[in-house]
Structure formats: C-alpha cells, structure tokens
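The exercises below ask a newcomer to read side-chain contacts and exposure from a structure, and each task is followed by a solution in steps.

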Amino acid sequence: MSGSPEWRFDPYTGRLVLLSPEREAKPEVVTDHDCPFCANRESHTEPEVLAYRPSGMAPNSNGWLVRVFPNKYAALRPPLGQAEVFVDCPHHETVFHRLEQSQIAKVLLAWRDRLAWYRKQGRYPFVQIFKNQGAGAGASVPHCHSQLIASQRIPDAITRELQHFQKMHTSLGQCPTCHEMQSVEAATRRIWESEHFSALCPVAPRQAYETWLLPKRCAPNFETTSET
C-alpha cells in the first residue's frame, strides 16, 4: 500500500479509520550509536518548529534542551492534519522518569506551548499529545520523545465522551471532574498530591495502572497552565 494518509469509512461498522501507508517506511528500532534524536544530529530530522536553548543560538543547532519538529513519518499531513515529535532531552536517555525533574518540566512546557499555538491557529479542532515508550509500545526510536497529532476530525470516542461529560455537568450542577476531586471516596484512590495537583486512580480504569493527574482548581485547558 502506498500514498498519502487518508480517512476511510468502514461501511460494516460505521467507523472512520485513518490509514497512513507512508508510515511503512519508518526505520526499524535504531541503536544508540545512530540515534537521530541525539544532540549534534539535528540534520537527521525535519527543521524544528520549537526549541528551548540559550538565547542567541541558531535554530537547528546544538545546545537545545527540548526540541520539536514535524514527524518525518506522519500519520496525518495537511490538509487532514499534522504530526510533530518532541525530543525530551538532548542526551540519549530511553526512560522518561529517569530525567531530572527540571527537564521533565521543560517537556511539559513544550507540550503546553505547542497546544497553545494550535489553539491560536484555530485550524484543527482536535489536538492530542501522547507518548510511546519502548518498542513494545510502537516507538521506533528508543530516545525519550513525545508526539503531537492534530486533526480536522474529532474522534467519535472523544465526541461521545464530551457529550456524556456535558450531561453529567448538567445533572450534578458542577464540573464532573471537580465533583470527583471533592468526593470522599476519591480520597481512597489518591496516589499523590501537591499544592496545585492531585494524582489518583480513576473509579473505572480502562487498563492497569491508569492514573489521572488533575489540577485542584477547575482548569479545563492544559495550554493555559502557568509555569508556577
């Protein structure tokens, strides 16, 4: 199969399916010695759209802390959508939680800044950040990285979830997430909390170890999160 990404309608199930034939060209899992995401190998990726590096340094040069660029093997391309890669650190680390806390904070800021950019553009109604860690999760490059996908179509599952959320809001008379955070029962599922955030197990997890990280104040848009 070859060709550009396209949405196809399955007449038997009613589902829309995204086909991305060009992703077949993705390389097999690379080794540490030829990693295209490491510092000093910037020419092996697409030109960056965002990077955190000391002021005065040229774009697409070494010295960055977090770097973002279009995915060379994108699941979606304009006009259907866009796909980007976030390289979470310049050194060759393969496990996200081993990064320094300050470095993880920079990755979260990069997520926030790109989401804010897409919201400002107003071109795509659905934008999602996700992370595949390791070959078992589908990552072809072991170096710590995250991804963004933007689409002109909102997935049906998301639409249904939003509709149910709105019904719950009407029924409860308040934000369902805030209601969950305030419930006595939720305290038994709380894993960790800080001044501004709480991590807890959802009441009906879809998979093992599913964890929600929620703000303690009602804040529906991650891209408006402040650095403090």
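**Exercise 1.** In this predicted model, find the strand that holds Phe-197, and decide whether Phe-197 is buried, partly exposed or exposed.

*Solution.* Begin with the strand, for Phe-197 belongs to strand 9, which covers residues 197-200. Next take the relative accessibility of Phe-197, which is 32%; because buried means under 20% and exposed means over 50%, Phe-197 counts as partly exposed. Finally, look at the surface around this side chain, where Phe-197 joins Ile-191, Trp-192 and Leu-213 in a nonpolar patch of about 420 Å².

**Exercise 2.** Locate Asn-71 between two strands, and identify the backbone atom that lies 2.8 Å from a polar atom of its side chain.

*Solution.* Asn-71 is placed in the loop that runs between strand 4 (66-70) and strand 5 (81-87). With a relative accessible area of 10%, Asn-71 is buried. The atom sought is the backbone nitrogen of Tyr-73, which lies 2.8 Å from a polar atom of the Asn-71 side chain.

**Exercise 3.** Work out how the rings of Trp-117 and Tyr-118 are arranged, and then name the residue that lies over the face of Trp-117.

*Solution.* A search of the whole structure gives three aromatic pairs. In the pair of Trp-117 and Tyr-118 the ring centres are 4.9 Å apart and the planes stand at 85°, so the arrangement is edge-to-face. The two residues can then be set side by side by their accessibility: Trp-117 is partly exposed at 36%, whereas Tyr-118 is buried at 2%. Together with Tyr-124, Trp-117 and Tyr-118 form one aromatic cluster. The residue over the face of Trp-117 is Arg-114, at 4.5 Å from the ring centre.

**Exercise 4.** State how many salt bridges are counted, and describe the exposure of both partners in the bridge between Glu-210 and Arg-206.

*Solution.* Side chains of opposite charge can pair when their charged atoms come close. The count comes to 13 salt bridges. In the bridge between Glu-210 and Arg-206, the closest N and O atoms are 3.0 Å apart; Glu-210 is buried, with a relative accessible area of 10%, while Arg-206 is exposed, with 70%. Elsewhere, salt bridges with shared partners join Glu-48, Arg-53 and Arg-67 into one network. For further practice, consider Glu-6 and Arg-8, whose closest N and O atoms are 3.2 Å apart: Glu-6 is partly exposed at 32%, and Arg-8 is partly exposed at 41%.

Terms used: Residues numbered from 1 in each chain as written. Predicted model: local features only at pLDDT ≥ 70, side-chain atom pairs only at ≥ 80, totals over all residues. Heavy atoms only, no water. Patch = residues over 30% accessible without salt bridge, like charges linked within 9 Å, V, L, I, M, F, W, Y side chains within 5 Å. Areas by Shrake-Rupley, 256 points an atom, 1.4 Å probe, with all protein chains shown as cover. Salt bridge = Lys/Arg side-chain N within 4 Å of Asp/Glu carboxyl O. Helix = DSSP H or I, 4+ residues; strand = E, 2+ residues; numbered from the N terminus. Buried < 20%, exposed > 50% of the residue type's maximum accessible area, 1.4 Å probe, protein only. Polar contact = N/O pair within 3.5 Å; in protein donor to acceptor, adjacent residues only side chain to side chain. Phe/Tyr/Trp six-rings, centres within 6.5 Å; stacked < 30°, edge-to-face > 60°. Lys NZ or Arg CZ within 6 Å of the ring centre and 35° of its normal.
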